[in-house]
Amino acid sequence: QMFSPTAVKFHYIFNLRDLSNVFQGMLFATNECITCPTDMAKLWVHETMRVYRDKLADLKDLETFDKAQRDIYKKTFDDLNEAEVLVNPLIFCHFAKGIGEPKYMAIPSWDNLNKTLTDALKGY
């Protein structure tokens with residue numbers, strides 16, 4: 001009901017394919033990436049943002065999604081430290097350890113991401 005399609009937001013169509021994309025993204029992670037419950041919560045937050053939040057078009061909808069996600073997070077992961085999970089940047093990708101290391105892991109910082117992408121661009 002919150003994110004119904006309209007003439008302007010015609011792409012606000014959410015279905016089971018979106019949910020399967022969340023789980024598919026989570027299955028990219030290996031035991032090297034997920035070492036504790038906090039890592040699993042981070043991955044869940046990242047994947048739900050990647051699949052659902054990235055479709056949203058205006059600030060009000062983004063804020064509504066963030067509130068809903070935070071509420072679900074608090075209800076589901078109430079024993080985890082929110083400050084450890086909801087970090088910035090919260091990006092998982094296949095090149096977190098470098099372009100030649102295809103492991104789905106978290107990017108530790110914006111500087112690390114910038115260095116990795118700059119190195120890849122130089123190599124190109």
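Tutor: Before we look around, one definition: two residues are in contact when they have heavy atoms within 4.5 Å of each other. Also keep in mind that this is a predicted model.

Student: Okay, then which residues is D18 in contact with, leaving aside its neighbours within four places in sequence?

Tutor: D18 is in contact with I13, V51, Y52 and K55. D18 itself sits in helix α1.

Student: Why is D18 called buried?

Tutor: Its relative accessible area is 6%, and buried means under 20%. The value is under the cut-off, so D18 counts as buried.

Student: What does the side chain of D18 reach at 3.0 Å?

Tutor: The backbone nitrogen of N15. A polar contact needs N or O atoms within 3.5 Å, so 3.0 Å fits that limit.

Student: What makes K55 and D18 a salt bridge?

Tutor: Their closest N and O atoms are 3.1 Å apart. The rule asks for a Lys or Arg side-chain nitrogen within 4 Å of an Asp or Glu carboxyl oxygen, so this pair qualifies. It links distant parts of the chain: K55 is in the loop between α2 and α3, D18 in helix α1, and they are 37 residues apart.

Student: How do you know whether K55 is buried, partly exposed or exposed?

Tutor: K55 has a relative accessible area of 25%. Partly exposed covers what lies between under 20% and over 50%, so K55 is partly exposed.

Student: How many salt bridges does the structure hold?

Tutor: Nine. Among them is the one between the side chains of K9 and D61, at 2.9 Å from N to O. K9 lies in the segment before α1 and D61 in helix α3 (residues 59-76), so this pair ties together parts that are 52 residues apart in sequence. K9 and D61 are both buried.

Student: Where do D71 and K67 lie?

Tutor: Both lie in helix α3, four residues apart, which is about one turn of the helix. They also form a salt bridge, with the closest N and O atoms 2.9 Å apart.

Student: Why do D71 and K67 get separate exposure labels?

Tutor: Look at the two values. D71 has a relative accessible area of 37%, so it is partly exposed. K67 has 52%, and exposed means over 50%, so K67 is exposed. Back to shared partners for a moment: salt bridges join K9, D58 and D61 into one network.

Student: What about T48: why is it called buried?

Tutor: T48 has 7% relative accessibility, and the cut-off is under 20%, so buried is the right word. T48 is in helix α2 (residues 37-51). Not counting residues up to four places away in sequence, T48 touches V22, R53, F65 and Q69.

Student: Now the rings. How many aromatic pairs does the count come to?

Tutor: Eight. One of them is Y12 with F14, at 6.2 Å centre to centre and 50 degrees between the planes.

Student: What makes the Y12 and F14 pair tilted?

Tutor: Planes under 30 degrees apart count as stacked, over 60 as edge-to-face, and the rest as tilted. At 50 degrees, the pair falls in the rest, so it is tilted. Y12 is buried at 2% relative accessible area, whereas F14 is partly exposed at 31%.

Student: How do you know how to label Y73 and F77?

Tutor: By the same reasoning: their planes are 35 degrees apart, with 5.6 Å between the centres, and the pair is tilted. Y73 and F77 are both buried.

Student: Which residues form one aromatic cluster?

Tutor: F3, Y12, F14 and Y52.

Student: Which residues form a nonpolar patch on the surface?

Tutor: L16, L19 and F23, with about 330 Å² of accessible area together. L19 lies in helix α1 (residues 16-27).

Student: What makes L19 eligible for that patch, given its relative accessible area?

Tutor: L19 has 37% and is partly exposed. Patch members need over 30%, so L19 clears that cut-off.

Student: One more: which residues does a cis peptide bond join?

Tutor: N88 and P89, with omega about 5 degrees. P89 lies in the loop between α4 (82-85) and β1 (92-93).

Key
Residues numbered from 1 in each chain as written. Predicted model: local features only at pLDDT ≥ 70, side-chain atom pairs only at ≥ 80, totals over all residues. Heavy atoms only, no water. Patch = residues over 30% accessible without salt bridge, like charges linked within 9 Å, V, L, I, M, F, W, Y side chains within 5 Å. Areas by Shrake-Rupley, 256 points an atom, 1.4 Å probe, with all protein chains shown as cover. Helix = DSSP H or I, 4+ residues; strand = E, 2+ residues; numbered from the N terminus. Buried < 20%, exposed > 50% of the residue type's maximum accessible area, 1.4 Å probe, protein only. Polar contact = N/O pair within 3.5 Å; in protein donor to acceptor, adjacent residues only side chain to side chain. Phe/Tyr/Trp six-rings, centres within 6.5 Å; stacked < 30°, edge-to-face > 60°.
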